[in-house]
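Trainee: Got a few minutes to walk me through this one? I'd like to go feature by feature.
Mentor: Sure, let's put it on screen.

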Protein chains: 4
Amino acid sequence: MTAQQGFFYPRTSTGRAALIPAPPWYYSGDLLTVEYRTDPARVAELLPAPLELADEDPGAVALIWADWQSCSASREELLDPVRAQYKEAFVVVRCSYQGRTYSRCVYIWVDKDFAVARGIHQGYPKKLGSIWQTRPHPFSQAAPQIAAGAKFGATLAAGDRRLAEVVLTLTAESETNGFVNANPMAHHRILPNIARGAAGDAFAELIETGASEVQAGQAWRGEADLRLFEAPTEELARLEVHEIIGGYYRQVGVVWDGGTSLKML
Amino acid sequence: MTAQQGFFYPRTSTGRAALIPAPPWYYSGDLLTVEYRTDPARVAELLPAPLELADEDPGAVALIWADWQSCSASREELLDPVRAQYKEAFVVVRCSYQGRTYSRCVYIWVDKDFAVARGIHQGYPKKLGSIWQTRPHPFSQAAPQIAAGAKFGATLAAGDRRLAEVVLTLTAESETNGFVNANPMAHHRILPNIARGAAGDAFAELIETGASEVQAGQAWRGEADLRLFEAPTEELARLEVHEIIGGYYRQVGVVWDGGTSLKML
Amino acid sequence: MTAQQGFFYPRTSTGRAALIPAPPWYYSGDLLTVEYRTDPARVAELLPAPLELADEDPGAVALIWADWQSCSASREELLDPVRAQYKEAFVVVRCSYQGRTYSRCVYIWVDKDFAVARGIHQGYPKKLGSIWQTRPHPFSQAAPQIAAGAKFGATLAAGDRRLAEVVLTLTAESETNGFVNANPMAHHRILPNIARGAAGDAFAELIETGASEVQAGQAWRGEADLRLFEAPTEELARLEVHEIIGGYYRQVGVVWDGGTSLKML
Amino acid sequence: MTAQQGFFYPRTSTGRAALIPAPPWYYSGDLLTVEYRTDPARVAELLPAPLELADEDPGAVALIWADWQSCSASREELLDPVRAQYKEAFVVVRCSYQGRTYSRCVYIWVDKDFAVARGIHQGYPKKLGSIWQTRPHPFSQAAPQIAAGAKFGATLAAGDRRLAEVVLTLTAESETNGFVNANPMAHHRILPNIARGAAGDAFAELIETGASEVQAGQAWRGEADLRLFEAPTEELARLEVHEIIGGYYRQVGVVWDGGTSLKML
């Protein structure tokens, strides 16, 4: 039999058909972040043992929209951009594991299959969604620039229902674009048992992951008007908005190149 | 911490947001199958050890289009059909493991995220694609009926490129709708290592899977005109069509309820 | 210069690239209809002069989902079904013109460009939407059959917002599948003036249109649970549901082959 | 009856549901242009009388990709960007009418319904397509900047078939981003006769149109590698590439506010 190549499905003798190449993976994009406080009990519901609520500000939530271009080391995807561009919206909370504070993505929607597959590897709980985010552009006819007074909108839908929308009005430069997504990520990678009716997972691993390289432009903060909507197959709105912490906009370049196994579960 | 519910991502305290519910999973749909022979060496390339080429007709390939409605035991997805309907096209070969002949899906494209997630569980190497298949209908104005002379077309595209298309003209009733997909499936479930640069998988399992219940209507066979197209990120066309074995059409109802772990790899 | 061929854009020397061929156009599909009464004043708002409210039951509205396969006389679209299959949801009211009762489509969403173009020709006010409708299938694992007790769901979304959803439970055979869409259609075909700031239309024509041939299966009636949702760019929910008249399911085959100009406006 | 509002379908008492608002329309976006020469006879085929081939360089063709954000005077679409962002690819040739040289769009594909509707008004022969274009970004991890050596890819597909793709490598600043699309546009606005079997149009108008305001950044030229592909329902590849004139990249802001009727046909 021929040796199999390919980082992920489908594996072949050449690896050419694989949905995603081996890391490192490269990203350039714009992040629109809204941070708010919800009931910490609602965050706790999303933290399986051995994860615990973060010690400080345990009800803090970040809802982040990202408009990405991404590629492998070959950069070939950039010249066939249906393979490079995607959008996502994701929800991050913080948690504590062995005395250390981690960020954790609890919900995420993307609009391309390669992004879903990367999420399976990284422990992001990805679904497909429809994600839109105002783009800055040098000409103002139909675009803001990244500056005081600029307004950016962002929306998320899945299953033909709108789940979230925000309008962010930039007010001033900021030292950060938030703190909730600023820790290493603690994620679960899982595969349920294949046996009929078997409870539990065939594989479950707690990993630590995060960017191996980040470049970031000037962050801006602003006023965020956020709305979450109910849907029968989603629980985003269960993370009710009690108090807005802040809204942020930042352009970034990121490299991801693997993580660390913390614990087999 | 709250106990987590949910068969697959995302897991929550209620399980309501999970992309897929626990099996059993139920399917009603139409299958359009084309079977052909390719160079057995091209099939062998797709069989990782310990799988081997099937003893008889080792170059046989089935390319199958399916137009599905699917649901969980609750049947609730059927009333919100964006969650129930999907289409797929997939390629099946046969292989031998421990003296037994298995079918094996080597490529598959679907058009919904819940179908991708089910595939991750079942070891189907799913990508997103655009899949279309002529539908029969009682009124002939713009539809065939399932009968001699009826013509069905089916197409597959991914990454904005057409990968395959077929026209099937039904000729006669048939005892089967092919033999290549008629064995239990031998699939790999995989998760690559999370560590930077680590070769190999954190989890790799060879499983046996297949329908727990199948009902099928009268199968029909016919003349199939099949074309495969090259694409930079696909290897379907590498399974060159040397000889058409047959084309088939059949309506089926299927239940899937788990499989069996054959070997941890 | 070469003579131009092509029923609609783009016109070329061969006509091959035209988005839609010349009629007749052929359709096979399934119709799910909900009829209800709203405030007649809300219907009147949608009737430009010289159209007037219908004399009887002027507040009657039909909201119809259709799952179509369609083709030209060549039937070639049926073998490349991305060009043949589409779904739509549309709203029909009745009106009176010169003493005759007409049906009139006031809102409609489709999911393919050829359907949009046919609508421009026929005076249907088409937008793109995401439309889903439960399909009947011979096997019950994940499908109803057209019979008492069968449940069909249907949904409509546009702009990433859900606009309408219905669950229809069939109760008994019916002589009709409703009356609101049963008259000839009175539609406006319009093109606004191209001049800057010019009010009014360069072209506005009131036409009468309808199928030139209809075959229909046994109609069924049932209990309909209908919900309409607000959206910033839609006015469907303004046609509030005061009283459900009935729900219907029927399979049909239809030919459309032109209409009649009633009045240049 | 209530007065009807709405620039285009559907018209209502408020105008809120209209697919497109009245002009002016505002655009910010990036243009990737490839200009080449084809057989002038192939251009002539696309020019209905009274249009004639341009006197100079009559076989010149521009194939233009555009990644747009657009809005009305209210700018409200920018805060719900599913209503503002769209992509397009279009083909422009030149022609002569009454001794004046015009540009003319002969093929165009877009990915949103509001863009289709604007095209109906402006005489652009719009179809839906899937259009992708590499985006510049300040961070290089997965993006070029607009500078010498930068590589941009762009692709076009429709009907699940790839129709065109280009790779443009920027070489130097340029005074223009081409000449083929630099004249006023001469477009036909058409509606075929509604009567069964009637040849000809109920309405056909030759108009002149173009931007009422254009702002443009520094244009760049570069090496373009262009490929066109055959498809059964398209004739783009009939405009064979005989010689590349040049490739260009430019960011622009545009306002469109109506045109001029040249001739009722």
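Trainee: Helix 2 of chain C, then: how many of its residues are buried?
Mentor: Bear in mind that this is a predicted model. Ten of the ten residues in helix 2 (residues 113-122) of chain C are buried, so that helix is largely enclosed by the rest of the structure.

Trainee: Which residues are those?
Mentor: The buried ones include charged and polar names such as Asp113(C), Arg118(C), His121(C) and Gln122(C). Phe114(C), Val116(C) and Ile120(C) are among them too.

Trainee: And what follows helix 2 of chain C?
Mentor: Gly123(C) comes next, and its phi is positive, near 80°.

Trainee: Switching to aromatics. How many aromatic pairs are there over all chains?
Mentor: The count comes to 34. One of them is Trp25(A) with Trp256(A), a stacked pair at 5.0 Å centre to centre with 20° between the planes.

Trainee: Where do those two tryptophans, Trp25(A) and Trp256(A), lie?
Mentor: Trp25(A) is in strand 1 (residues 25-37) of chain A and Trp256(A) in strand 14 (residues 243-256) of chain A, so the pair ties together parts that are 231 residues apart in sequence.

Trainee: Are Trp25(A) and Trp256(A) buried or exposed?
Mentor: Both are buried. Chain B has a stacked pair as well, Trp25(B) with Trp256(B), at 5.0 Å centre to centre and 20° between the planes. In chain B, Trp25(B) counts as buried at 0% relative accessibility, and Trp256(B) is buried with a relative accessible area of 6%.

Trainee: Back in chain A, which residue do ring pairs link into a cluster with Trp25(A) and Trp256(A)?
Mentor: Phe7(A).

Trainee: Any charges over rings? Where does the charged end of Lys87(D) sit?
Mentor: Over the ring of Trp132(D), 3.3 Å from its centre. In chain C, Lys126(C) lies over the face of Tyr124(C), at 5.6 Å from the ring centre.

Trainee: Now symmetry. What turn lays chain B on chain A?
Mentor: A turn of 180° with a shift of 0.0 Å along the axis, giving an RMSD of 0.0 Å. That is the relation of a two-fold axis.

Trainee: Which C-alpha in chain B is nearest the axis?
Mentor: That of Phe203(B), 3.5 Å from the axis. The same surface serves both copies, too: 100% of the contact residues of chain B recur in chain A.

Trainee: I also flagged Gln85(A). Where is it found?
Mentor: Gln85(A) is in strand 4 (residues 85-97) of chain A. Gln85(A) is also buried, with a relative accessible area of 3%.

Trainee: What does the side chain of Gln85(A) reach?
Mentor: The backbone oxygen of Gln133(D), at 2.6 Å. Beyond neighbours within four places in sequence, the contacts of Gln85(A) include Trp68(A) and Phe114(A), along with Trp132(D), Thr134(D) and Arg135(D).

Trainee: Last topic, cores. How many residues does the largest nonpolar core have?
Mentor: It has 74 residues, and those with the most contacts inside it are Phe8(A), Trp68(A), Phe8(B) and Trp68(B). Leaving out residues up to four places away in sequence, Trp68(B) touches Tyr27(B), Leu31(B), Gln85(B) and Val254(B), among others.

Trainee: What about the second core?
Mentor: That one is separate and has 73 residues, including Leu31(C), Trp68(C), Ala204(C) and Cys105(D).

Definitions and conventions
Residues numbered from 1 in each chain as written. Chains lettered and ligands numbered in written order. Predicted model: local features only at pLDDT ≥ 70, side-chain atom pairs only at ≥ 80, totals over all residues. Heavy atoms only, no water. Phe/Tyr/Trp six-rings, centres within 6.5 Å; stacked < 30°, edge-to-face > 60°. Helix = DSSP H or I, 4+ residues; strand = E, 2+ residues; numbered from the N terminus. Buried < 20%, exposed > 50% of the residue type's maximum accessible area, 1.4 Å probe, protein only. Lys NZ or Arg CZ within 6 Å of the ring centre and 35° of its normal. Least-squares fit on C-alpha atoms with pLDDT ≥ 70 in both. Contact = heavy atoms within 4.5 Å. Polar contact = N/O pair within 3.5 Å; in protein donor to acceptor, adjacent residues only side chain to side chain. Core = buried A, V, L, I, M, F, W, Y, C linked by side-chain atoms within 4.5 Å.
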